[in-house]
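Let's look at a protein model and ask how its labels are earned. Each answer checks a value against a rule.

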Amino acid sequence: MTIEIVDVNITSPGRNFVTLKITTSDGIVGLGDATLNGRELAVASYLSDHVASMLVGRDEDRIEDTWQYLYRGPYWRRGPVTMAAIAAVDMALWDIKAKKAGMPLYQLLGGASREGVRVYAHASGTDYAALKNAITGYEELGYTAVRVQTGVPGLGQIYGVSSTGPGVRYDYEPAKRSGDRPSEETWDTRNYLNHMPGIFSKIREDFGTDLRILHDGHHRMSPIEAARFAKDIEPYDLFWLEDCTPGEDQTALRLVRQHSTTPLAIGEVFNSVFDYQTLITERLIDYVRSAVTHTGGITAMKKLLDFAAIYGIKSGIHGPTDISPVGMAAALHLDLAIHNFGIQEYMPHNEQTLEVFQTSFTFDKGFLHPGDKPGLGVDLDEDAAAGHEYTKAYLPVNRLLDGTVHDW
Ligand code: CS2
Ligand code: MG
């Protein structure tokens with residue numbers, strides 16, 4: 001059998017998603033997530049204009065060969081657009097292969113290594129009262145791990161904080177439909193560094209020591225600021241501090257490691273194993289944060305996580321709402337199968353999205369399971385998708401109080 005039809009679907013059920021649909025000559029359909037938040041059309045064009053025609057007629061079973069063909073063939077390599085496009089093709093071909101085998105994908109990756117996949121929720125609030133309300137709500141839903149983000153005195157809307165009321169869950173969407181210009185937010189690291197340790201102290205007082213607390217620095221600290229912060233919050237026993245510095249400066253984490261045992265997670269903006277080479281071989285991180293969607297797919301992600309396993313480093317796959325249900329399902333199949341699983345990010349998608357993407361993964365007392373439908377276990381309702389037209393949306397641009405552009 002061969003690849004016969006390659007379609008790129010763009011839909012916007014509350015937020016933009018790009019999905020690759022591959023259909024074989026026997027009519028078997030595979031789906032791949034190609035969503036790159038704020039640059040969706042670049043990936044859609046890469047697939048439609050440069051990749052689709054190359055795939056037609058290829059043997060859909062030759063996944064590794066197709067991956068190498070798409071990675072080495074174009075000469076220009078890596079980068080978020082290219083690797084999201086390759087990821088979508090790879091996910092779709094694994095979806096097809098598992099459907100042909102009549103198995104859920106995790107069975108082709110070595111079978112289940114655990115009963116379920118521990119997930120963490122996004123708890124946020126403009127102040128501690130709102131944050132406490134959100135954490136309480138998630139504990140009531142059975143979550144055993146929460147990422148906590150809160151407002152910082154003197155600053156307005158900042159990354160990760162729901163702005164629609166005290167501790168409202170699942171409603172944070174950073175990509176704004178703001179016309180031809182990104183919205184702008186303001187930041188001050190000093191305020192943040194002085195404010196956050198007290199927040200973690202309150203959380204431990206109110207919720208005890210069992211709850212796994214995660215926090216996302218979102219690339220905003222300098223190496224020495226990150227070293228100070230990681231040391232200051234050490235008493236609060238975080239499960240991880242994420243993106244404490246801009247991760248591409250891999251050696252910056254040597255300084256953080258010198259000052260703290262707070263576990264570190266980095267990599268959601270990375271798109272290849274080479275972005276991690278120093279971080280992994282020098283054990284500068286404890287968790288690999290990449291999404292399957294942004295790192296070249298299941299083939300590449302499995303290799304990356306196997307490399308990380310050699311150094312005692314675990315997975316922490318990226319799973320915000322800008323990873324589509326297809327990308328989330330791919331992550332869950334990997335999460336269930338690999339030995340060095342750490343934790344999985346889980347921001348449930350909204351109702352509109354789940355009308356477009358029919359999923360088969362299930363949530364139970366803080367754990368997800370990918371389900372046992374053959375393939376990835378996700379179907380795309382193209383009629384429903386057609387009802388949600390693409391609308392340009394940008395992630396915010398961040399500026400310091402003096403107007404200097406800063407990492408968002
Ligand atoms: C965040 C992401 O989930 C996270 O850890 O860093 O939600 C990130 O802000 C978005 O993926 C940006 O599109
Ligand atoms: Mg993050």
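Q: What classes of residue make up the lining of the second largest cavity?
A: This is a predicted model, by the way. In it, the lining of the second largest cavity has six nonpolar, five polar and two charged residues.

Q: Which residues of that lining are closest to the centre of the second largest cavity?
A: There are 13 lining residues, and the closest to the centre are Gln149, Ile158, Tyr159, Trp187 and Tyr192. Two elements, β5 (145-150) and β7 (212-216), each give two or more residues to this lining.

Q: How many cavities of 30 Å³ or more does the structure hold, and how much space lies in the second largest cavity?
A: The structure holds two cavities of 30 Å³ or more. The second largest cavity has about 80 Å³ of space.

Q: Why does the pair formed by asparagine 37 and ligand 1 count as a polar contact?
A: A polar contact needs a pair of N or O atoms within 3.5 Å. An N or O atom in the side chain of asparagine 37 is 2.8 Å from an oxygen atom of ligand 1, so the pair qualifies.

Q: What makes glutamate 345 and aspartate 322 pass that test with ligand 1?
A: The side chain of glutamate 345 has an N or O atom 2.3 Å from an oxygen atom of ligand 1. For aspartate 322, a polar side-chain atom lies 2.9 Å from an oxygen atom of the ligand. Both values are within 3.5 Å, so both pairs are polar contacts.

Q: How much of ligand 1 does the protein cover?
A: On its own, ligand 1 has 340 Å² of accessible area, and the protein covers 94% of that.

Q: Which residues surround ligand 1, and what classes are they?
A: The shell has 15 residues, the closest being Asn37, His218, Glu268, Arg289 and Glu345. By class, the shell splits into seven charged, four polar and four nonpolar residues.

Q: Where does ligand 1 sit?
A: Ligand 1 takes up space in the largest pocket, whose volume is about 780 Å³. Among the 31 residues lining this pocket, Asn37, Glu268, Val269, Leu395 and Trp408 are the closest to its centre.

Definitions and conventions:
Residues are numbered from 1 along each chain as its sequence is written. Chains are lettered from A and ligands numbered from 1 in the order in which they are written. This is a predicted model: local features need pLDDT of at least 70, side-chain atom pairs count only at pLDDT 80 or more; totals for chains, interfaces and linings use all residues. Side-chain values use heavy atoms; hydrogens and water are left out. A residue is near a molecule or strand if one of its heavy atoms lies within 4 Å of it. A polar contact is a pair of N or O atoms within 3.5 Å; within protein, one must be able to donate a hydrogen and the other to accept it, and residues adjacent in sequence count only if both atoms are side-chain atoms. Accessible areas come from the Shrake-Rupley method with a 1.4 Å probe; for residues, only the protein chains shown count as cover. On a 1 Å grid over the protein atoms alone, a cavity is a set of points where a 1.4 Å probe fits but cannot get out, and a pocket is an open set with protein on both sides within 12 Å along at least five of seven lines; lining residues have an atom within 4 Å of a point. A molecule sits in a cavity or pocket if more than half of its atoms lie within 2 Å of its grid points. Ala, Val, Leu, Ile, Met, Phe, Trp, Tyr, Cys and Pro count as nonpolar, Asp, Glu, Lys and Arg as charged, and the others, Gly among them, as polar. Grid points are joined across faces, edges and corners, and a volume is the space filled by probe spheres set on the points. Helices (H or I, at least four residues) and strands (E, at least two) are DSSP runs, numbered from the N terminus.
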